[in-house]
Amino acid sequence: MTRIALIGILIISLVVTIPWIQSLEDEPNQVNWAQRLDGEKGVVTNLQFYFHDTVTGQNPTAVRVAQASDTSTSLTLFGALMMVDDPLTESPDPSSKLVGRAQGLYGSAAQSDFGLIMVLNYGFTDGIYNGSSFSVLGLNQAMHQVREMAIVGGTGLFRMARGYASAKTYYMNPLTGNAIVGYNVTLFT
Ligand SMILES: *[C@@H]1O[C@H](CO)[C@@H](O)[C@H](O)[C@H]1NC(C)=O
Ligand SMILES: *[C@@H]1O[C@H](CO)[C@@H](O)[C@H](O)[C@H]1NC(C)=O
């Protein structure tokens, strides 16, 4: 009787601990800024992160690499072209966890309303997304409250991605031009 009870306890404890061990193994890959849902037609991934664009100060992450002869007299800085390497973090706090970087170009492409053409690779370094990226190509009307931009492809877990990014300025210093922008991204792979 005690042997049977012992075996019973052993089986119960195995059943209880195995899922626990598996969830511990999954733990290192868990990230707070991404949600991956496997559906019938593929995977839908939702990402939430913050983009830090520093144009002035000691360590700018966005630098002007070209401009037109009359960019400086244009109210929308038409013709200014920036090369950027902007950190992406989990929360608006610049010292929060780094999850990736947005690298590429944005330039003033609009003469009346302020509009930036974004040609950027959003590459991630956190958890299971380390090494995966998606590409944005779209107009960012930065003075509008919410801007939507197209996602035109990706690599790694985001291979063949289609999707859209919605961006909302969280903080902007009009004197320095430095900004923190919140992103909500939906990707279909
Ligand atoms: C991401 O992957 C690279 C190359 O495989 C590795 O060197 C790096 O440590 C990884 N980063 C993180 C944060 O895990
Ligand atoms: C992202 O979604 C949250 C709600 O889930 C919302 O509060 C926030 O304003 C959205 N941000 C952007 C950039 O659209």
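**Shell around ligand 2**

I looked up which strands build the shell around ligand 2 in this predicted model, and I noted that β9 and β10 each supply at least two of its residues. The biggest contribution to that shell is the one from β9, which gives 3 residues. I then listed the surrounding residues by name, and they are Q48, S166, A167, K168, G182 and N184. Sorted by class, I have 1 nonpolar, 4 polar and 1 charged residues in the shell around ligand 2.

Next I went through the side chains that reach an oxygen atom of ligand 2. For N184, I read a separation of 2.2 Å between an N or O atom of its side chain and an oxygen atom of the ligand. For S166, a polar side-chain atom sits 2.8 Å from an oxygen atom of ligand 2. For K168, I wrote down 2.9 Å between an N or O atom in its side chain and an oxygen atom of ligand 2. I also looked up how far the protein covers the ligand: taken on its own, ligand 2 has 360 Å² of accessible area, and the protein covers 50% of that.

**Second largest pocket**

I turned to the second largest pocket, which holds about 200 Å³ of space. Its lining, as I copied it out, consists of Q48, F49, Y50, S166, K168, T169, Y170, G182, Y183 and N184. The elements that I found giving two or more residues to this lining are β2, β9 and β10. Within it, β9 has the largest share, at 4 residues. By class, I entered 4 nonpolar, 5 polar and 1 charged residues for the lining of the second largest pocket.

I set the two lists beside each other: Q48, S166, K168, G182 and N184 are among the residues that surround ligand 2, and Q48, S166, K168, G182 and N184 are also among those that line the second largest pocket.

**Largest pocket**

For the largest pocket I noted about 570 Å³ of space. I looked for the residues closest to its centre and found D53, Y106, F114, L116 and G177, out of 26 that line the pocket. I then asked which strands take part, and those that each supply at least two lining residues are β2 (42–53), β5 (98–108), β6 (116–124), β9 (162–172) and β10 (179–188). The class count for the lining of the largest pocket came to 15 nonpolar, 8 polar and 3 charged residues.

**The chain as a whole**

I stepped back to the secondary structure, which comes to 1 helix and 10 strands. Read along the sequence, the helix is written ahead of the strands, in the pattern α-β-β-β-β-β-β-β-β-β-β. The chain has 189 residues, and I recorded 34% of them as buried.

**Two positive phi values**

I searched for residues other than glycine with a positive phi, and L77 is one of them, with phi near 55°. I placed L77 in the loop between β3 (62–66) and β4 (81–89). Its relative accessibility is 33%, so I entered L77 as partly exposed.

M160 is another such residue, and there I read phi near 65°, again a positive value in a residue other than glycine. M160 belongs to the loop between β8 and β9. I entered M160 as exposed because its relative accessibility is 74%, which lies over the 50% cut-off for that label.

**S108 and A150**

I looked up S108, which is found in strand β5, one of the strands that supply at least two residues of the lining of the largest pocket. Is S108 buried or exposed? I put it down as buried because its relative accessibility is 8%, and the limit for that class is under 20%. The side chain of S108 reaches the backbone oxygen of T76 at 2.6 Å.

My last entry concerns A150, which I located in strand β8 (residues 146–155). With a relative accessible area of 35%, A150 counts as partly exposed. I then checked A150 against G138, which is 12 residues away along the chain, and the C-alpha atoms of the two are separated by 5.6 Å.

Methods: Residues numbered from 1 in each chain as written. Chains lettered and ligands numbered in written order. Predicted model: local features only at pLDDT ≥ 70, side-chain atom pairs only at ≥ 80, totals over all residues. Heavy atoms only, no water. 1 Å grid on protein atoms, 1.4 Å probe; cavity = no way out; pocket = protein on both sides within 12 Å on 5 of 7 lines; lining within 4 Å. Points joined across faces, edges and corners; volume = space filled by probe spheres on them. Nonpolar A, V, L, I, M, F, W, Y, C, P; charged D, E, K, R; others polar. Near = heavy atom within 4 Å. Polar contact = N/O pair within 3.5 Å; in protein donor to acceptor, adjacent residues only side chain to side chain. Areas by Shrake-Rupley, 256 points an atom, 1.4 Å probe, with all protein chains shown as cover. Buried < 20%, exposed > 50% of the residue type's maximum accessible area, 1.4 Å probe, protein only.
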